[in-house]
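Let's practise reading a protein structure together. Take your time with each exercise, and try it yourself before you look at the solution.

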Amino acid sequence: LYDIKPKPRGGLPFDFNGYGGIDLIVAQDGLIASDLLNGFDLEICKASFDGKKFHIPDPHLTFAAKTKMETNRRAVVGSYVAHYQVPENQYFGAIEFSRNASTTISAVRRDVPNTPFYKRLDLANMLPDLYNPNARTFDHHGTFQDPMVKMKHGASIQFHNWCCKLIDRLRKYQQRGIEVVDAPTIAANFRTDQFSIIAHEMM
């Protein structure tokens with residue numbers, strides 16, 4: 001980690017009266033800013049300013065408009081893209097999509113067995129499967145209206161959505177001209193449609 005600061009009596013090269021967007025990040029109680037920064041997927045996103053000086057990780061890459069992707073996320077995304085199959089039935093429901101995602105996740109876990117991203121999936125696997133295919137759509141038991149069913153089958157959907165968000169962020173930075181070193185291979189036509197657990201449809 002390198003600290004970048006102005007020369008003596010020099011000013012910071014930043015327009016504090018300018019315009020721009022701000023990303024608001026909400027953390028759990030007890031976490032500090034460095035904990036959040038260390039959780040970012042791209043190294044270039046970990047650059048920060050603490051009010052006195054800038055902290056630039058990998059400055060030799062950052063100032064060359066390059067960055068690395070966090071190792072575990074890169075491996076998971078690369079494997080997910082390689083194994084994911086779009087459901088054949090375009091009118092699938094939440095359970096069908098959950099099962100389709102679970103098949104992909106099983107392949108990913110064989111490729112990348114040790115990452116910190118499987119805890120919620122493991123918890124869901126320990127829950128009893130209360131889904132009832134014969135239940136009526138608006139029944140509160142045995143359908144996705146049932147909290148236990150949602151927890152059991154929603155975990156794989158959330159994992160799918162998380163992978164899609166990582167891909168979207170990767171593409172966003174690449175479109176900005178940032179070269180992501182050793183980026184996973186993703187076809188240009190790979191779709192990152194996310195599934196809404198609430199609306200039970202693709203977004």
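Here are three short exercises with worked solutions, based on a predicted model.

**Exercise 1.** Describe the overall make-up of the protein.

*Solution.* Start by counting elements: the protein has 6 helices and 7 strands. Next, follow the chain along its sequence, and you will find the pattern β-α-β-β-α-β-α-α-α-α-β-β-β.

**Exercise 2.** Work out how helices α5 and α6 are arranged relative to each other.

*Solution.* A good way to begin is with a general idea: two packed helices are described by the angle between their axes and the distance between the axes. Here, the axes of α5 (residues 119-126) and α6 (residues 147-175) come within 8 Å, and they cross at roughly 155°. Angles over 145 degrees count as roughly antiparallel, so α5 is roughly antiparallel to α6. Finally, check the handedness: the crossing of α5 with α6 is left-handed.

Now look at who meets whom. From α5 come R120, L121, A124 and N125; their partners in α6 are M151, K152, A155, S156, Q158 and F159. Sorting the residues of this contact gives 5 nonpolar, 3 polar and 2 charged.

**Exercise 3.** What share of the residues is buried, and how much area does the protein expose?

*Solution.* Of the 203 residues, 36% count as buried. Turning to the surface, the protein exposes about 13,600 Å², with carbon and sulfur atoms supplying 53% of that area. As a last step, consider contacts between residues at least 6 apart in sequence: 64% of them join residues at least 24 apart.

Note on methods:
Residues numbered from 1 in each chain as written. Predicted model: local features only at pLDDT ≥ 70, side-chain atom pairs only at ≥ 80, totals over all residues. Heavy atoms only, no water. Axes fitted to C-alpha atoms, helices over the stretch in contact; angles between N-to-C directions. Helix = DSSP H or I, 4+ residues; strand = E, 2+ residues; numbered from the N terminus. Parallel < 35°, antiparallel > 145°, perpendicular 65-115°, else oblique. Left-handed = near helix turned anticlockwise from the far one by under 90°. Contact = heavy atoms within 4.5 Å. Nonpolar A, V, L, I, M, F, W, Y, C, P; charged D, E, K, R; others polar. Buried < 20%, exposed > 50% of the residue type's maximum accessible area, 1.4 Å probe, protein only. Areas by Shrake-Rupley, 256 points an atom, 1.4 Å probe, with all protein chains shown as cover.
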